[in-house]
Amino acid sequence: LYNAICVFYNRSLSIKTDYRKTVPNHQLFDLQVYNERNRHMTFINSVTGQVDASELGLTLIHEHMRVRSESVHAQFPHLYDEKQEIAKAVEQVNRAKKLGVKTICDPTVMEQGRDIRFIERIARETDTQIIAATGIYTYNYIPTHFQTRSIDYMADLFVRDIEVGIQNTSIKAGFLKCATD
């Protein structure tokens with residue numbers, strides 16, 4: 001079910017009523033609140049600003065600009081070459097653009113080395129619409145910080161990524177990546 005919630009924030013959301021019983025009790029998952037707040041919205045948050053949903057074009061729905069271990073990078077930064085990673089990502093995105101891709105959804109989230117400024121740089125260097133995610137990779141990767149708190153606490157942080165911005169920037173998430181257990 002949680003994958004059914006991984007949607008763009010526009011008016012295309014539709015989930016059968018009988019499934020709502022299994023959704024956490026949080027405003028992020030409240031379809032009535034969602035519909036009231038967003039009934040006129042036709043845009044999606046990309047890392048470079050809002051994009052009209054009609055302008056998405058050919059879209060790749062699951063492409064990471066980069067994935068890396070956050071803990072290994074923090075402890076052994078010499079193992080990573082930022083310039084090489086940028087060059088590789090730019091090359092791959094440009095290859096996709098030549099094939100007609102206009103938008104890429106990047107589901108890189110917490111514990112996968114998410115770096116919203118890196119993703120923004122790739123979007124700007126390639127002039128491609130990249131939509132970033134908020135959420136978690138899998139329940140196997142939930143940091144201890146979240147294991148002792150409520151689901152609402154974590155959901156509030158996801159909402160913040162969507163409404164305020166990711167990693168203390170004004171770059172907002174455009175979709176929610178969720179895991180199931």
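This report describes the fold, the strand pairing and selected residues of a predicted model.

## Overall architecture

The protein contains seven helices and six strands. Their order along the sequence is α-α-β-β-β-α-α-β-α-β-α-α-β. Of the 181 residues in the protein, 43% are buried. The accessible surface amounts to about 10,700 Å², and carbon and sulfur atoms account for 48% of that area. When contacts between residues at least 6 apart in sequence are considered, 75% of them join residues at least 24 apart.

## Strand pairing

Strands of a sheet pair through backbone hydrogen bonds, in either a parallel or an antiparallel manner. Both arrangements occur here, as the following paragraphs set out: E3 and E4 run parallel, whereas E1 and E2 run antiparallel.

An open sheet is built from four strands in the order E3-E4-E5-E6, with parallel pairing. Its edges are strand E3 (58-60) and strand E6 (175-177), each of which pairs on one side only. From one strand to the next, the twist averages 30°. E3 is joined to strand E4 (residues 101-106) by three bridges. Within this pairing, Leu-60 has Ile-104 of E4 as its bridge partner.

E1 is linked to strand E2 (residues 49-52) by four bridges. The two strands form a hairpin, with two residues making the connection. Ser-46 has its bridge partner in E2, namely Gly-49.

Gln-129 belongs to strand E5. With a relative accessibility of 16%, Gln-129 falls under the 20% limit and therefore counts as buried. Beyond its neighbours within four places in sequence, Gln-129 is in contact with Val-51, Glu-55, Leu-56, Lys-102, Thr-103 and Ile-104. One of these residues, Ile-104, is also the bridge partner of Leu-60 in E4.

## Helix H7 and its surroundings

Helix H7 comprises residues 151-163. At 1.5 Å a residue, its 13 residues should span 18 Å, and the C-alpha atoms at its ends are indeed 18 Å apart, so expectation and model agree.

The buried residues of H7 are Met-154, Ala-155, Phe-158, Val-159, Asp-161 and Ile-162. Because they cover an arc of only 155° around the axis, they lie on the same side of H7. The elements that cover these buried residues include strand E1 (43-46), strand E5 (129-135), helix H6 (144-147) and E6. Among the covering elements, E5 and E6 are strands of the open sheet, while E1 is part of the hairpin with E2.

Asp-161 is one of the residues of H7. Its relative accessibility is 10%, and it therefore counts as buried. Setting aside neighbours within four places in sequence, Asp-161 is in contact with Arg-114, Thr-134, Ile-166, Gln-167, Ile-171, Lys-172 and Ala-173.

Directly after H7, Gly-165 adopts a positive phi of about 150°. Gln-167, in the loop between H7 and E6, likewise has a positive phi, near 50°, although this residue is not a glycine. Gln-167 is also among the residues in contact with Asp-161.

## Loop residues

Glu-111 is located in the loop between E4 and helix H5 (116-126). It is a further residue other than glycine with a positive phi, here about 75°.

Ser-69 occupies the loop between E3 and helix H3 (70-75). In sequence, Ser-69 and Arg-114 are separated by 45 residues, while their C-alpha atoms are 9.4 Å apart in space. Arg-114 is in turn one of the contacts of Asp-161 in H7.

The table lists the accessibility of three loop residues.

| Residue | Loop | Relative accessible area | Class |
|---|---|---|---|
| Glu-111 | E4 to H5 | 29% | partly exposed |
| Gln-167 | H7 to E6 | 39% | partly exposed |
| Ser-69 | E3 to H3 | 28% | partly exposed |

Partly exposed residues lie between the 20% limit for buried and the 50% limit for exposed residues. Glu-111, at 29%, therefore belongs to this class, and so does Gln-167, at 39%. Ser-69 is likewise partly exposed, at 28%.

How values were computed. Residues numbered from 1 in each chain as written. Predicted model: local features only at pLDDT ≥ 70, side-chain atom pairs only at ≥ 80, totals over all residues. Heavy atoms only, no water. Buried < 20%, exposed > 50% of the residue type's maximum accessible area, 1.4 Å probe, protein only. Contact = heavy atoms within 4.5 Å. Areas by Shrake-Rupley, 256 points an atom, 1.4 Å probe, with all protein chains shown as cover. Pairing = 2+ DSSP bridges. Axes fitted to C-alpha atoms, helices over the stretch in contact; angles between N-to-C directions. Expected span 1.5 Å × (residues − 1). Arc of directions from axis to C-beta.
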